[in-house]
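The following note sets out points on the fold and the ligand surroundings. It is intended to be read alongside the model.

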Amino acid sequence: MSQASESLVAPVYHSERVKCLEIFYGEGFLSSEGEAKCKASVEHLKLKAGDSILDVGTGSGGFAFYLAEHVGAVVTGVDYCTNLVDLCNERCKKKVLGDKISFLAKDMRDMQFKSKSFDAISFLGSLIHIKCEEHLPIFTNVRNWLKPGGRVIFQGLVTCDCPASSTQEFKDYRTSLHFNDVTVADYHKLIPMAGLRLLEYQSRKEFYIQDTITRQAKVKENWNQILKVVSIETLEHCFKFFADKRKWAEEGAMFTCIFLAERPRDM
Ligand SMILES: C[S@@+](CC[C@H](N)C(=O)[O-])C[C@H]1O[C@@H](n2cnc3c(N)ncnc32)[C@H](O)[C@@H]1O
């Protein structure tokens, strides 16, 4: 595990904040769309029982558990925040999944797996923490780890080239959350460069704004209930997190999207 990188992003996912994010997004989820995202991703990846899946940046494990429990897939969840891997392992003990699921504390930039190990690989909300220039080696590994015809989904935030995204305020916001500057155009360039074939691109912009508004409202409604579980500082911080997300999405500086790609059968 890369200690340098862990010390950068770990504060964003400390246990108290994870607790708070899960109240907003649902148990097991630290990014938008929760269980709806799971169902859609299973369809995108064409998953079936027995498939072997790598979930990169698994967070508190929502998608990984969904895959093992609802699809019958064999899942490896990877995250480099050790508190999150511990949380996933704790939750695992309460379920009867046997060797269907395992969680590893690893930095996605240092991971090693055998060639052609996985039927599918998922990155849900995790690549925003990776610098643009670090994407290509990861995508190249993904191509190598996928079986021919295997699919990968990259879902998450991208930044946009617009007046709002060039402001110092937006840069400070990105820095505070360790969000990097990666655009839709970067993905379109990097996916074929890594030897993957792009199957689909989907903007989730309108949904993302609406989702953020709904979650902000939910927090306000349940403010006193939530305060029984987390401190006022954490709650205010998380509320600001949603308010900022909405602001920057409405100003066009960032939004979520999906890239679906495959390892071509003939390569
Ligand atoms: C926004 S959360 C998404 C978590 C989960 N996939 C979800 O949708 O709820 C991003 C996750 O990526 C993980 N992450 C960020 N950089 C990583 C890296 N270099 N290697 C492994 N995991 C990383 C973070 O620790 C965090 O759990």
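1. In this predicted model, attention may first go to a single residue pairing: Gln155 has Ile258, in β7, as its bridge partner. The strands concerned are β5 (residues 146-159) and β7 (residues 254-262), which are antiparallel and joined by 9 bridges.

2. Both strands belong to an open sheet of 7 strands with mixed pairing, ordered β3-β2-β1-β4-β5-β7-β6. The edges are formed by β3 (101-105) and β6 (197-203); each has a single partner strand, so one side of each lacks a neighbour in the sheet. From one strand to the next, the twist averages 15 degrees.

3. Two helices may be described against this sheet. Helix α4 (residues 62-71) lies across four strands, namely β1 (52-56), β2 (74-79), β3 and β4 (118-124), and runs at about 175 degrees to β2. Helix α5 (residues 82-93) also packs on the sheet, where it touches β2 and β3. The direction of α5 makes about 160 degrees with that of β3.

4. Which residues come nearest to the ligand? Among the 24 residues around the ligand, these are Gly57, Gly59, Met108, Gly125 and Ser126. The elements contributing two or more residues to the shell are α1 (3-9), α4 and β2. Helix α4 and strand β2 thus appear both in the ligand shell and in the packing of helix on sheet.

5. As to the chemical character of the ligand shell, 12 of its residues are nonpolar, 9 are polar and 3 are charged.

Terms used:
Residues numbered from 1 in each chain as written. Predicted model: local features only at pLDDT ≥ 70, side-chain atom pairs only at ≥ 80, totals over all residues. Pairing = 2+ DSSP bridges. Axes fitted to C-alpha atoms, helices over the stretch in contact; angles between N-to-C directions. Contact = placed C-beta atoms within 7 Å. Near = placed C-beta within 6 Å. Nonpolar A, V, L, I, M, F, W, Y, C, P; charged D, E, K, R; others polar.
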